[in-house]
Amino acid sequence: MTNPVTIERKDEIAVVWTDNPPVNAISHAVRLGLMEAFESLAKEGDAKAIILACKGRTFFAGADISEFDKPVQAPHLQDVFDTIEGMKVPVVAAIFGTALGGGMEATLACHYRVADAKARLGLPELNLGIFPGAGGTQRLPRLIGVRGALDIIMTAKPISASKAKELGIVDHIAGGDLMAEAKAYARKLVEEGKGPRPVSRLSVDGTGVEEAFAHYEAFAKSRLKGRTSPLKALQAVRAAMDLPFKEGLALELKLCLEAKDTFESKALRHIFFAERKTRKIPGLPEDTAVHEIANVGILGAGTMGGGIAMCFANAGLPVTLVEANEDNLKRGLATIERNYERTVKRGRLSAKQKNALMANIRGSLDMANFADCDLVIEAVFENMDLKKEVFRKLDSICKQGAILATNTSTLDVDEIAAETKRPEYVLGLHFFSPANIMPLLEVVRGAKTDAGVLKSALQVGKRIRKIPVVSGICFGFIGNRMLSPYGREAQRMLLEGASPKDIDSVLEDFGMAMGVLAVYDLAGIDVGHKIREAMRDNKPDDPTFFAAGAVMNDAGRFGQKTGTGFYRYEKGTRGRFEDPDALALIRKTAEDLGVVQDPPGREEIFERCLYPLVNEGANILDEGIALRASDIDVVWTAGYGFPRHKGGPMFWADHIGLDKILAGMKKYREKFGPLFWEPAPLLERLVREGKTFADWDKENA
Ligand code: 3HC
Ligand code: NAI
């Protein structure tokens, strides 16, 4: 294996280069290479200054996460960075791209930092269930104070080069050629006789820190509820104040290694890689040509069309937004503008930027304006006849090679594609509401969808900052199909006497962003009801099936938008309240349907919601609707609020044991009969063979 680290010596300034594509992750080979390079430079002793630099597209993106499951191999990052910091001549970091995690910690071990103007620096380790473990919790508070360090560590969000300069992390911002400016900076240090400047020798500024600690302790308990790594991070930062550097470093390492071995960290790492795997499609040749997508058309400027238009406009793509009539177009554009204005008010967008984004969206009433679009997404009402008519028109208007997509949430994409003369150019792009915010994008592959079209859709999905997941065709695709048994049981338990709060609190205590009944209230109870009514012929033969939702719908209690649903909402408060009227309606329905009042306990609520969810995931996998179990995990963490630190339903199920899920399914089959409780054949097979969903992925995806 070639050494990823090399030394360039042209003059008195040595450059230590790392070249480890794609993102210069600090793998074992890189750690070894860096150690050797700095040790040999120390031994030779004739370089007057050293620059730490990277080739390729970015400075170090951090430690190599793929090594976290393996035993730790020396040298540890802390030792490499100690060696760098201990050099007798100044070491300058030349930062570009993203210096993240161990990458940012590498810069802190250097004595000076020069950054490209577009560089970003950050310590995102909490997103992986660990925290900075290569000196970050000890050096950053010494360099910029505890408050600033806590902001960077606890939010896990990268900052810009200019912000880093303002905070005193970066010494010089390179407006031009980074390496030329880093060399000039190093040469100036030499000329001025400025030597090493180890951060570890600085003392920690402890003024006003208790307030910052209290703020982030509260943040850890609320926003990062159920997680342990944030508390460990706080403990490590505190050690920077209380302990000498070396002892603080030792504590940081001990706590970080403990964090790495938790389920929380394993789950978050699983999601990290799972989100990147979704774009890898088995059987799709590497060299499959993609279609360039330079401009986009969107039909329908309602709830979804408007949000979708924003996604593309934000990514700098010109959008043609077509509506059926003037009023709806005006209303749609006004909603988009209002959304942008809200971002301006929050200070996250300037008025000028907002105007530029609005200028990317051209409203129109004429579908002929789609003629030159490379991709057209339809977001009109959920009605098959209408969609068919629209696709026939699009097919006749749009240029050859243009991709036609539908945002349908339930309709058969193949049936829609069959209306066109180009079914290979048709697929589903299922965005989630609000489309400009939700990161998930289900890419629905039709029977005839061309490989290049699929690949283009995945690429454009990434370009608009979505996490695209491929789904086959079935009712509800991956996400909504799994939502059905999960929500069905929640609604059935209402009839048995549980209150909405009883159910949602169990789910929220598990870590769901929102209980499922609160989700129905948010999404609109009428929306799901309409869809179920449309499938009346295929409805299961059970009068209790979503009966609680139906009674809410019939009473005009659609959820948040009407102020009442499963809960009651009060204007001006963000809270939701248990509503005696809702409880009475549900009780009456239960009586009419003859449901015995026997409220389930917390454990039963938990099992009856989550086990069928996993069971349906197994069916989806077995039928080839999802390509891999990890894709299902991404759908549920990115689109349905499943806790990332539990890794998604399938990863979590592997963790608690598939035999437990199977036993649970059988237990409730005994109680309620087979209609809803038949274990998935794949679940039974995996349990029989002593395997997990992760094993299934290894063997099949
Ligand atoms: N380790 C291992 N692999 C990594 C990696 C890392 N730190 N960062 C990225 N990769 C891999 C990805 O898995 C992907 O692999 P693939 O091509 O086989 O799918 C490839 O690099 C490219 O990644 P992206 O698709 O994410 O590329 P982008 O250009 O969209 O984003 C990035 C680049 C911003 C660097 C993004 O990859 C990222 O955020 N990486 C993780 C950064 C991070 O969390 N660093 C902290 C690591 S933990 C640490 O340093 C501990 C220390 O404190 C001790
Ligand atoms: P909506 O009712 O808010 O918007 C539909 C818009 O399409 C309306 O503004 C209407 O005037 C316009 N329209 C209707 N026929 C048209 C035509 N022939 N030409 C041009 N414009 C036309 O509906 P919404 O909620 O945006 O849904 C659109 C699609 O997205 C549906 O297929 C729906 O199933 C799907 N979807 C909806 C989600 C949601 O949460 N609302 C989530 C995911 C998908």
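## Two ligand sites and a pocket between domains

The second largest pocket lies between domain 1 (5-261) and domain 4 (601-701), because both domains give residues to its lining. The domain bounds come from an automatic or database domain assignment. This is a predicted model: local features need pLDDT of at least 70, side-chain atom pairs count only at pLDDT 80 or more, and totals for chains, interfaces and linings use all residues. Residues are numbered from 1 along each chain as its sequence is written, chains are lettered from A and ligands numbered from 1 in the order in which they are written, and side-chain values use heavy atoms, with hydrogens and water left out.

**The pocket**

The volume of the second largest pocket is about 550 Å³. Its lining holds 21 residues, and Asp69, His270, Lys277, Phe651 and Ala694 are the closest to its centre. A pocket here is an open set of points on a 1 Å grid over the protein atoms alone, where a 1.4 Å probe fits, with protein on both sides within 12 Å along at least five of seven lines; lining residues have an atom within 4 Å of a point. Points are joined across faces, edges and corners, and the volume is the space filled by probe spheres set on them.

Four helices each supply at least two lining residues: H11 (263-277), H25 (629-639), H26 (649-656) and H30 (693-700). H11 gives the most, with seven residues. Helices (H or I, at least four residues) and strands (E, at least two) are DSSP runs, numbered from the N terminus. By class, the lining has nine nonpolar, four polar and eight charged residues. Ala, Val, Leu, Ile, Met, Phe, Trp, Tyr, Cys and Pro count as nonpolar, Asp, Glu, Lys and Arg as charged, and the others, Gly among them, as polar.

**Ligand 1**

Ligand 1 is surrounded by 28 residues. The closest are Arg57, Glu105, Glu125, Arg276 and Lys280. A residue counts as near if one of its heavy atoms lies within 4 Å of the molecule. The shell has 15 nonpolar, five polar and eight charged residues. H11 appears again here: it gives the most to this shell, with three residues.

**Ligand 2**

The shell around ligand 2 has 21 residues, and Met304, Glu323, Asn328, Glu382 and Lys387 come nearest. Helix H12 (303-314), helix H13 (326-345), helix H15 (384-397) and strand E15 (426-431) each supply at least two of the shell residues. By class, there are eight nonpolar, nine polar and four charged residues.

**Polar contacts of both ligands**

The table lists polar contacts, which are pairs of N or O atoms within 3.5 Å.

| Ligand atom | Protein partner | Distance |
|---|---|---|
| Ligand 2, oxygen | Methionine 304, polar backbone atom | 2.8 Å |
| Ligand 2, nitrogen | Alanine 324, backbone N or O atom | 3.4 Å |
| Ligand 2, oxygen | Asparagine 328, side-chain N or O atom | 2.8 Å |
| Ligand 1, nitrogen | Isoleucine 65, polar backbone atom | 2.9 Å |
| Ligand 1, oxygen | Glycine 102, polar backbone atom | 2.7 Å |
| Ligand 1, oxygen | Glycine 133, polar backbone atom | 3.1 Å |

Ligand 1 has 990 Å² of accessible area on its own, and the protein covers 76% of it. Accessible areas come from the Shrake-Rupley method with a 1.4 Å probe. Strand E5 (98-100), helix H3 (102-109) and H11 are the elements that give two or more residues to the ligand 1 shell.

**Backbone geometry**

Most residues other than glycine have a negative phi, and most peptide bonds are trans. Proline 21 and proline 22 are joined by a cis peptide bond, with omega about 0 degrees. Proline 22 sits in the loop between strand E2 (13-18) and helix H1 (28-44). A cis bond also joins alanine 74 and proline 75, again with omega about 0 degrees. The loop between strand E3 (49-54) and helix H2 (77-85) holds proline 75. Alanine 156 is not a glycine, yet its phi is positive, about 60 degrees. Alanine 156 lies in the loop between helix H5 (146-155) and strand E8 (159-160).

Conventions. A polar contact is a pair of N or O atoms within 3.5 Å; within protein, one must be able to donate a hydrogen and the other to accept it, and residues adjacent in sequence count only if both atoms are side-chain atoms.
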